[in-house]
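Notebook open. Today I'm looking at how two chains sit against each other.

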There are 2 protein chains.
Amino acid sequence: MTDQNGSQSKRHRRVTAQTIADLAGVSRSAVSRAFSPGAYLSAEKRHRILKIAAEAGYQPNALAVGLKEGRSNLVAVFVGSMRNPYDAAFMGCLARSLNAIRKWPILIDGTDKSANSAVEELMRYPLDALILRGGSMAPEIVEHCARAGIPMISSGRPVSAPRVDNVCCRNAEGLREMTRLLIARGRSRFGFLGGPPEFYSSAQRRAGVLGALDEAGLRPIAEATGDYTVEVGAAAARRLLRENDLDALVCANDATAIGALSAARDLSLDVPGDVAVVGFDDIAMAEWPIFNLTTVRNPIEPAVGAIIRLLEKRLADPGKPGESISIDAVIIERGTH
Amino acid sequence: MTDQNGSQSKRHRRVTAQTIADLAGVSRSAVSRAFSPGAYLSAEKRHRILKIAAEAGYQPNALAVGLKEGRSNLVAVFVGSMRNPYDAAFMGCLARSLNAIRKWPILIDGTDKSANSAVEELMRYPLDALILRGGSMAPEIVEHCARAGIPMISSGRPVSAPRVDNVCCRNAEGLREMTRLLIARGRSRFGFLGGPPEFYSSAQRRAGVLGALDEAGLRPIAEATGDYTVEVGAAAARRLLRENDLDALVCANDATAIGALSAARDLSLDVPGDVAVVGFDDIAMAEWPIFNLTTVRNPIEPAVGAIIRLLEKRLADPGKPGESISIDAVIIERGTH
DNA sequence: GAAGCTAGTGAACACGTGTGCACATTCGCC
DNA sequence: GGCGAATGTGCACACGTGTTCACTAGCTTC
């Protein structure tokens with residue numbers, strides 16, 4: 001009979017609570033109550049209503065509920081760049097976790113400048129929250145969100161505004177620990193290959209390296225900045241390695257480090273014999289035998305877990321002050337140090 | 001004065017069309033009309049209303065509009081796995097394109113079985129469409145969508161149901177062409193390393209290889225299946241290359257091919273001297289100098305463009321029959337053949 | 001000046017839901 | 001039998017919007 005309906009050009013009438021009420025011979029209120037756990041309704045009637053609803057494929061309209069409750073269960077996620085393997089993996093984990101608690105992540109790819117105007121447009125929904133991952137966001141947008149009362153959770157780069165929650169990896173501590181390890185293994189001629197200087201993560205990681213070197217009475221022989229991609233990392237590393245006699249090259253992320261590995265190969269430098277190369281993040285590629293990269297893990301699951309916890313706390317108490325959670329980095333020793 | 005309001009524990013009253021109407025001394029209808037381009041409204045009044053609205057940060061509530069119009073501007077996107085670099089890149093491009101036309105992609109990560117129940121739950125929103133990328137979806141969900149009148153667009157694996165649109169790469173033709181090229185270059189002892197056998201793309205690509213070999217009176221010496229990941233690809237390739245004397249190994253995707261490259265390296269086989277290795281997709285990594293992989297490009301932007309076009313056509317005419325668009329694959333000659 | 005037409009405007013309805021409130025019914029107890 | 005309490009149910013409102021419909025004021029035309 002569905003096939004017979006297949007040719008319907010009439011407007012497909014959506015099945016609503018009233019439909020179910022008519023079918024079950026009860027009032028529309030009763031149908032609504034059948035779907036809200038705490039409500040007064042005789043067990044027999046509730047059971048009958050739910051059965052009929054299931055047969056008819058009825059579910060309460062989320063837009064109507066959202067309009068009524070002032071809460072949409074939608075969460076905007078502003079992600080730096082999907083081309084970055086770390087961000088992509090992070091996004092996947094975050095999406096799964098949000099799906100599990102029935103919050104729906106709306107993906108805004110933030111590479112383009114148009115992303116900011118997209119967020120502005122999205123504000124028309126009563127979003128449950130706005131989650132920032134990495135990428136920068138115009139300050140006026142942040143303020144606009146705050147004024148509209150949309151909770152914000154930032155991950156990877158702290159946002160200091162009244163009721164904004166933050167989740168951040170201990171970048172400096174991680175790379176400081178790693179640098180200490182390299183020094184203990186006898187390395188002394190250090191280079192640092194950073195990311196975009198305006199990135200918080202890159203600045204923090206650099207600070208960690210310099211801190212550890214300072215403790216040991218050392219200073220970096222050379223520095224350069226990349227853009228967190230493999231290609232630019234390789235080019236920058238080639239220059240650093242050719243023009244300086246380094247025995248350790250600390251990179252601000254794994255993609256850059258992987259670029260550095262191929263630069264070393266091009267220059268016939270043995271890793272780790274001639275020079276140690278380490279990264280940050282521990283993306284899936286770092287474990288591949290071809291790279292076997294020693295790195296500092298920027299753990300995704302604890303960070304996502306913290307975001308989910310903060311989100312639930314914030315929804316329970318919208319007025320509470322902002323909170324900051326730090327995630328410990330983990331040294332992963334493989335074959336390049 | 002905003003700061004003074006900062007300590008408000010009162011319910012943050014959302015600014016609504018009525019607020020603007022009161023401020024401007026007009027009726028609420030006038031405010032609504034000011035925001036709908038075609039409506040009758042004196043230019044002077046419209047201008048004043050829009051100015052006041054901008055100052056107050058008012059935008060029409062998307063939930064209310066959606067409820068009224070029966071269209072939410074939300075699009076569910078069901079993606080195979082974010083860990084797969086091709087899927088991640090595809091998703092990024094798709095998100096950007098959807099953002100640009102003011103459609104909001106809700107990301108459902110489909111690795112888990114719970115994804116199907118998530119889709120069911122999402123059905124409570126009057127979704128503009130459901131976009132499938134790769135990953136399989138339970139047939140009952142497909143039927144449920146059809147019954148609820150939610151348009152579906154599938155990419156990467158055709159879904160044959162009444163009003164479902166499809167976008168698919170010419171997998172077979174792409175790999176057939178590539179195999180012909182290898183044969184023309186003198187290769188004759190072929191191996192094929194596939195993906196999961198139940199994947200449409202893997203089966204199609206295999207068919208292309210076998211077709212080209214058949215034309216030349218050849219047959220593959222050995223075959224194996226992987227799961228489209230580097231790790232499993234490497235293990236399978238190692239076995240294939242050790243147990244057979246191949247001079248060409250055709251892989252069903254780039255990740256597998258990259259695994260094969262490292263297997264060849266382990267076995268001290270020269271690529272392309274001893275054996276040619278080719279992949280499919282042309283992910284960003286394929287271009288890296290370390291891999292420099294000859295492959296068949298599965299072009300993302302044309303595919304995403306086709307999805308967007310199909311979506312707009314479908315929204316304009318919900319009853320039209322399903323359409324299928326094929327995307328040409330492109331041979332990318334690099335250093336491994 | 002009357003009539004007809006046009007541009008502009010506000011009241012009212014519909015969209016689909018959750019829930020406060022008033023009411024109906026039943027039960028236990030004196 | 002009477003009465004308070006407890007339980008179940010339906011009406012009506014609110015959420016915020018777009019749009020139809022009736023209506024008014026202003027202008028043109030005879």
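To compare the copies, I superpose them by least squares on the C-alpha atoms of residues with pLDDT of at least 70 in both. Done that way, chain A lands on chain B with an RMSD of 0.1 Å after a turn of 180° and a shift of 0.0 Å along the axis. That is the relation of a two-fold axis. A:Ile106 is the residue of chain A that comes closest to the rotation axis, at 2.2 Å (C-alpha).

Ground rules, before I go on: this is a predicted model, where local features need pLDDT of at least 70, side-chain atom pairs count only at pLDDT 80 or more, and totals for chains, interfaces and linings use all residues. Residues are numbered from 1 along each chain as written, chains are lettered from A in the order written, and side-chain values use heavy atoms, without hydrogens and water.

Next I looked up the contact (heavy atoms within 4.5 Å). Chain A brings 55 residues and chain B brings 55 residues. I also noted the buried area, meaning the accessible area (1.4 Å probe) that two parts lose on being put together, summed over both. Between chain A and chain B that comes to about 5,300 Å², with 60% from carbon and sulfur atoms.

Then, salt bridges: a side-chain nitrogen of Lys or Arg within 4 Å of a carboxyl oxygen of Asp or Glu. I find two across the interface of chain A and chain B. In one salt bridge, the side chains of A:Arg96 and B:Asp109 meet at 3.1 Å, N to O.
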